[in-house]
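Student: I have a new model open on my screen and would like to talk it through with you. Could we start with the terms and then go on to the details?

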Amino acid sequence: MTTPTGPGPASGVPPPWRDRLRDTRTRYEASSAGRLTRRIVDVQLTKQALLLAALALMLVVPALVTLAAVMPLGGPDSPVSGFVRRLGLTPQAAHDLQQLFPTTTTVSGATTGIGLVLTVVLTVRWPLALQRGYELVWDLPRGSVRALWRPLVWLLGFLAIIATAALVDPVLYGGAWLVTLLVVGTPLTVAWAWWTQYLLLAGRVPWVRLLPGAVFIGLGLVGLRLAATVVLSPAITSHYRQYGPLGIVFVLLSWFVAFGVVMLGGALVGHFVAMSRPPARPAPPPAASPRADEVADEGLGECRDEPSAPGAPIAPVPEGGPWHRGG
């Protein structure tokens, strides 16, 4: 009976597939995708996006409660209804969303002073969390207290954009709306994302390095807007039928998580692209001209036969030398 000598469990030699798996893992870790994955883990992108989504949900729900206490959320001519249409929700999804706030009287009775204070606190906390996420992406320390006005300015600008979108009803439909969104909306969104990063980072990162992140953030936000009608509206309708108003809260939380991933993940990918570029090579020193070298050599040659300075004593020439008079 012969004993097998090939690789296998009996001989103690690991199977070939382990070596191939190890080589594949090594190549992946050395690739750009592997470095980006490690960067995502170091920054804790998922944790930061979840924190941002939780703060957004805790901010939006009290804000909607406050608005519903003044005007019906689903009113056909209300600013809130116009904002809901701006989000891309279908009429059925907007009607289901209205069920979170049945009547103005009910909402007014549930609104308290503590809820208003909580809304104000979370309103300030949300841009601070976004600012901290950008600082982690760029490995920067926390901003000083003197830079606290920057998140507040960003929040005022963000609320102004939301108010403008809510007050203006959609006037474009079909292909015209899509072309307008891609041609006009995309550059404006990229510019807004570019300004957002620079403002919240207090100018500690140059504009040029922030441009890749702004492009990724802008494209991601436009993609979310396009997916609202296709994904968000059916999800709100189906979850409301299955779980009631609580299902709508789950859908909103998921959408806020996607928003946080776009805002932070786009900046992270942009940071990776900006840091992957090779640094600019320093300019070479100017080469010495050949004429300067010749002049220097001539000067050295003259110093060998002639005195270095006028008026210096000259050594006497011995008689019979080639330079003696009459020699």
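Tutor: Let us fix one term before anything else: a residue counts as exposed when its relative accessible area is over 50%, as buried when it is under 20%, and as partly exposed in between. Please also keep in mind that this is a predicted model.

Student: Okay, then is D139 buried or exposed?

Tutor: D139 has a relative accessibility of 56%, and because the cut-off for exposed is over 50%, D139 counts as exposed. D139 sits in the loop between α7 and α8, and its phi is near 55°, a positive value in a residue other than glycine.

Student: Why point out the sign of phi?

Tutor: Because most residues other than glycine have a negative phi. A202 is another case, with a positive phi near 60°; A202 lies in the loop between α9 and α10, and at 27% relative accessibility A202 counts as partly exposed.

Student: And Q131, buried or exposed?

Tutor: Q131 is buried, with a relative accessible area of 8%. The residue belongs to helix α7, which covers residues 113-137, and, leaving aside residues up to four places away in sequence, Q131 touches P151 and L200.

Student: Switching topic, what does the secondary structure of the whole chain come to?

Tutor: The chain comes to twelve helices and zero strands. Of its 327 residues, 31% are buried, and among contacts with a separation of 6 or more, 80% are between residues 24 or more positions apart.

Student: How do α10 and α11 pack?

Tutor: Helix α10, residues 207-243, and helix α11, residues 245-276, pack at an angle of about 165°, with their axes 9 Å apart. Angles over 145 degrees count as roughly antiparallel, which means that α10 is roughly antiparallel to α11. The crossing of the two helices is right-handed, and their contact has 27 nonpolar, six polar and one charged residues.

Student: Where does UniProt put the feature "transmembrane region"?

Tutor: The unreviewed UniProt entry places that feature at several spans, including residues 207-228 and 248-274. In the model, residues 207-228 are 100% helix and 0% strand, with the end C-alpha atoms 31 Å apart. Residues 248-274 are likewise 100% helix and 0% strand, and there the end C-alpha atoms are 39 Å apart.

How values were computed: Residues numbered from 1 in each chain as written. Predicted model: local features only at pLDDT ≥ 70, side-chain atom pairs only at ≥ 80, totals over all residues. Heavy atoms only, no water. Axes fitted to C-alpha atoms, helices over the stretch in contact; angles between N-to-C directions. Helix = DSSP H or I, 4+ residues; strand = E, 2+ residues; numbered from the N terminus. Parallel < 35°, antiparallel > 145°, perpendicular 65-115°, else oblique. Left-handed = near helix turned anticlockwise from the far one by under 90°. Nonpolar A, V, L, I, M, F, W, Y, C, P; charged D, E, K, R; others polar. UniProt positions renumbered as here; feature names shortened; annotations may be inferred. Buried < 20%, exposed > 50% of the residue type's maximum accessible area, 1.4 Å probe, protein only. Contact = heavy atoms within 4.5 Å.
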